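Let's take a walk through this structure together, one residue and one neighbourhood at a time. Keep the viewer open as you read.

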Amino acid sequence: MFPGFDPVAFHVGPLAVRWYALAYMVSFIIALPIAKRLCRLSPEVATGEQVDDFLFYAILGVLVGGRLGYVLFYRPLDYLSNPLEILKTWDGGMSFHGGALGVIIALALFSWKKKLNFLAFSDRIVPVVPIGLGLGRCANFVNGELWGRAASPDLPWAMVFPTGGPIARHPSELYEALTEGVVLLTVMLFSATRPRLREHFGFLSGLFLFGYACARSFCEFFRQPDANIGFLSGGVTMGQILCIPMAMAGIGLMIYALKNPRRERAHA
């Protein structure tokens, strides 16, 4: 049986702090010093103060992009008939693919404003993104949401979720926390320490896009699709469809980065 977790982590007076919100906050706290350290590696692309300034842009990109992405990709008709419901973020509903687009826009705007090389700066930010992905999936598990497809009752870690009916299911949130979080973070941080890869601006960004697309597509085979969408033609899911352009963009970026000569200057 699924453990009876309380979705509220703790209270501060009348304010209830939920695990999902806490996951976001802790992610930014952990990721910020790591991103600063990465930006100082040669060739240096940004100062610690600039990374601090980007934090606001990143939070805004994640929240606005994630929410609008969920609205447009998963429930467009529902929100079109009730547009004010879009503002009710406390009812849940965030899309990683939308959040990714939001952060890309935030990176582009910030890089333009601060006269930084967009790809170089992106390369030093994306390696820490899996921290948020992993903790976010753990929060999904605590909330008992986004559970997996039916699993064999003999599977030792199969679970009966409170809202998933009486059948045993894959804890797909934990699969995603492991692949999109731990594995992808390990790959990205290891790659970010390789000077040759850092000097090809755009390679690490492409590696992240491709790596996430592969991890998410794999986990979608165990995750129950959204009830309002279900399986699409051929048995694929919306999550897998959205990963196709992400993977293609990632491959394209890596090829572009490797074919271009190394650059000495990281500032635009």
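**Starting from a cysteine**

Let's begin with C219, which lies in helix α9. Bear in mind that this is a predicted model. Is C219 buried or exposed? Its relative accessibility is 1%, so C219 counts as buried. Setting aside neighbours within four places in sequence, C219 is in contact with Y175, E176 and T179. Nearby in the viewer you can also pick out A177: the C-alpha atoms of C219 and A177 are separated by 9.9 Å, although these residues are 42 apart along the chain.

How many disulfides are there? The count comes to 0. A disulfide is a covalent bond between the sulfur atoms of two cysteines. For C138, the closest cysteine sulfur is in C219, 12 Å away, so that pair is too far apart for a bond. C138 is also partly exposed, with a relative accessible area of 33%. C219 itself is in no disulfide either, as its nearest cysteine sulfur, the one in C243, is 9.9 Å away.

Now on to the nonpolar interior. The largest nonpolar core has 42 residues, and those with the most contacts inside it are F54, F96, F121, M188, F208 and M246. Which helices supply at least two residues each? They are α1 (19-40), α2 (48-74), α4 (96-114), α5 (118-125), α6 (129-143), α7 (172-192), α9 (203-219) and α10 (238-259). Of these, α9 gives the most, with 7 residues. For a look at one of the well-connected residues, select M246: leaving out residues up to four places away in sequence, M246 touches F96, H97, A100, L209, F210, Y212 and A213. There is a second, separate core too, made of 5 residues, including F141, W147, M159 and F161.

Aromatic rings are worth a tour of their own. A search of the whole structure turns up 14 aromatic pairs. One of them joins Y20 and Y24 edge-to-face, at 5.3 Å centre to centre and 80 degrees between the planes. Why are these two about one helical turn apart? Because Y20 and Y24 are 4 residues apart in helix α1. As for exposure, Y20 counts as partly exposed at 25% relative accessibility, and Y24 is partly exposed with a relative accessible area of 25%.

F56 and Y57 make another pair: their ring centres are 6.2 Å apart and their planes sit at 85 degrees, so this one is edge-to-face. F56 is exposed, with a relative accessible area of 56%, while Y57 counts as partly exposed at 21%. Follow the ring pairs onward and you get a cluster linking F54, F56, Y57, F110 and F121. Two of its members, F54 and F121, are already familiar from the list of residues with the most contacts inside the largest core. Elsewhere, a ring meets a charge: the charged end of R194 sits over the ring of F190, 4.6 Å from its centre.

Finally, head back toward the start of the chain for the strands. Strand β1 (residues 8-12) and strand β2 (residues 15-18) pair in the antiparallel sense over 4 bridges. In that pairing, V8 stands opposite R18 in β2. The two strands form a hairpin with 2 residues between them, and G13 in the turn has a positive phi of about 65 degrees.

Key:
Residues are numbered from 1 along each chain as its sequence is written. This is a predicted model: local features need pLDDT of at least 70, side-chain atom pairs count only at pLDDT 80 or more; totals for chains, interfaces and linings use all residues. Side-chain values use heavy atoms; hydrogens and water are left out. A nonpolar core is a set of buried Ala, Val, Leu, Ile, Met, Phe, Trp, Tyr and Cys residues joined through side-chain atoms within 4.5 Å. Buried means under 20% relative accessible area, exposed over 50%, partly exposed in between (1.4 Å probe, protein chains only). Contact means heavy atoms within 4.5 Å. Two strands pair if DSSP finds at least two bridges between them. Rings of Phe, Tyr and Trp (its six-membered ring) pair if their centres lie within 6.5 Å; planes under 30 degrees apart count as stacked, over 60 as edge-to-face and the rest as tilted. A charge sits over a ring if NZ of Lys or CZ of Arg is within 6 Å of the ring centre and within 35 degrees of the ring normal. A disulfide is a pair of cysteine sulfur atoms within 2.5 Å.
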